[in-house]
Amino acid sequence: MKQAASVIFRTVVILLAGITIGLLINNQGFMARQVAGNHKIDSALLIINRHYVDSVGNDTLETNAIGSILQELDPHSVYLPRQQAQSVNERLEGRFNGIGIEYVLLRDTMFISQVYPGSPAYKAGIVNGDRVITINYKKSSGAKLGTDSINHLIRSTAGNKVEMSVRHLLSNNINRYMLMRGHVPLSSLDAAYPLTPLAGYIKLSKFATTTDSDFRASLRDLQKKGVKKLIVDLRGNRGGYLDAATALADEFLVKDQLIVYTQGAHEQRVNYYSSNSGLFQEGKVAVLIDEYSASASEIVAGALQDLDRAVIVGRRSYGKGLVQQQFPFADGSALNLTVARYYTPSGRSIQKSYKNGVDDYRKEISDRQQKGELRYAQNNMMDTAFKSHAYYTHDGRKVYGGGGIMPDVFVPEDTTANVRLIGELADAQLFTAYVIDKLHPYLAKQISREDFINKFSVTDNQLDDFIMYASKTIREMDSREIRLARPHLKQYIKAFAARFKWGDDAYFEVINQDDSGIKKALTAIN
């Protein structure tokens, strides 16, 4: 249905790390460097530390200095403070250390909104909808208690244990648990299910160390169900590890096909070839992309397009073709430095221009929107830098480089699905809160997932009730946006209800029911 769907369902308070946009990391050979002491920057910092009129924090000075230097290089070379570096690496390693819950605050009370399969909380028997009474023997409710306070309670435990007492939503019984924090699996695969008897759907949110194994496991399940054709959804996927991207592309290719190559001023050309171990070397494939598909997503889309292995459906991708290598420092912070560019099999560089500075670079997507590129196919070629770089696929079709991957089949943006209001409601966790507060009695009934997805509809009265419910938190809602978004608001309420009851697959099954991109992808592979 819409690009926003894959982002919105993740906008909940979760006990795990953040996200770095457009990251493509070469995860072979991280290394630390000892900075030499005879440079002007080191000398300046030393002089300031010894002679400045007021006391200053060295960490702040160093962070700002490094950040200023990196801004002069390119938009994707960045300095990561210790916590952010840890968060990025955990996310891309496919797991994080914690108890494995998401939660929402309702009337100053903490409710469990999602329990991660395989996590300590899951193994203990905590379920969605449970009300948390205490954390580490302290009340987890009250007007002054916010998400920061709760996160501090969970993470500041002595040792590695978390005490938690909960009142179960269905039985009303109170149970106390002693949870041992541990590694919580964090799949890079959001959803996988059959769209039709012959066509399967797989959505990937990032390219992590577990991406290929997650993909292969889901693909085998789909093949057992009779799937012969595949739609791979990379919309909103902002990248990850280079090796994870080449491994995914390899799943669709026969032996010794060039997937991508990298090259830089200090990095010799490195070619990445297919290995003939792929599970889907035959069968039609469509890849969905949009303006937020970046980096590793563009490697996969570009390779399969250049090799005429898949039809690319959607809108022009982000245009990020730079490879970062991470250089960690002793204090846990790190430098993600661009060391090479990557090129598709036809020789295309996907990187868009950043010659006008970081600010212009970051608002390039909104510039596309203003030019009508996201709504009209013919406007895609307005970018002269893009259309002047023509290349040819394996079968001789013309493709373009210098600013992202141009799809074979264009899908216009659904502007009514991307109104600001929907994002605000999701950020405030109001869809999830409404499900727990108002829809849970219905969800507690013996209703099958299939019946819910195919037969349940949010009524006009329920939507009006949701608007009134949300207005207690978001007091100024645009009536025009409410009117435009009514069908999508109904769909999000239903989708979050499906996620609460059955998980992410069910969420996307609901969201994708009226998705124009999926409809066009199905037409293409049929």
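Me: If a contact means heavy atoms within 4.5 Å of each other, what share of the contacts with a separation of 6 or more in the protein chain comes from residues 24 or more positions apart?

Reply: In this predicted model, residues 24 or more positions apart account for 71% of the contacts in the protein chain that have a separation of 6 or more. The chain has 526 residues, of which 52% count as buried, and it holds 19 helices and 24 strands.

Me: Why is Tyr137 called exposed, and where does Tyr137 lie?

Reply: The cut-off for exposed is over 50% relative accessible area, and Tyr137 has 56% relative accessibility, so it counts as exposed. Tyr137 is placed in the loop between β7 (131-135) and β8 (138-139), and its phi is near 70 degrees, a positive value in a residue other than glycine.

Me: Why is Asn172 called partly exposed?

Reply: Partly exposed covers the range between under 20%, which is buried, and over 50%, which is exposed; Asn172 has 48% relative accessibility and therefore counts as partly exposed. Asn172 is found in the loop between β9 and β10, and it too is a residue other than glycine with a positive phi, near 70 degrees.

Me: What makes β9 and β10 count as paired strands?

Reply: Pairing requires at least two bridges between the strands, and β9 (residues 161-167) and β10 (residues 174-180) share 7 bridges in the antiparallel sense, so they count as paired. Val162 stands opposite Leu179 in β10, and the two strands form a hairpin with 6 residues between them.

Me: What makes β12 and β24 edge strands?

Reply: In the open sheet of 6 strands, ordered β12-β13-β14-β18-β19-β24 with mixed pairing, β12 (189-194) and β24 (409-410) each pair on one side only. Within that order, β14 (residues 229-233) and β18 (residues 285-289) pair in the parallel sense over 4 bridges, with Asp233 opposite Leu288 in β18.

Me: Why is the span of α17 called close to the expected one?

Reply: The expected span is 1.5 Å times one less than the number of residues, which for the 24 residues of α17 (residues 479-502) is given as 34 Å, and the helix reaches 32 Å from its first C-alpha to its last, so the two values are close. The helix nevertheless bends by about 65 degrees at Ala485, with Pro487 following within four residues.

Me: What makes Asp478 a cap of α17?

Reply: A side-chain oxygen of Asp478 lies 2.7 Å from the backbone nitrogen of Arg480, and a polar contact requires N or O atoms within 3.5 Å, so the distance meets that limit at the N-terminal end of α17. After the helix comes Gly503, with a positive phi near 100 degrees.

Note on methods: Residues numbered from 1 in each chain as written. Predicted model: local features only at pLDDT ≥ 70, side-chain atom pairs only at ≥ 80, totals over all residues. Heavy atoms only, no water. Buried < 20%, exposed > 50% of the residue type's maximum accessible area, 1.4 Å probe, protein only. Contact = heavy atoms within 4.5 Å. Bend = angle between axes of the 7 residues up to and from the residue. Polar contact = N/O pair within 3.5 Å; in protein donor to acceptor, adjacent residues only side chain to side chain.
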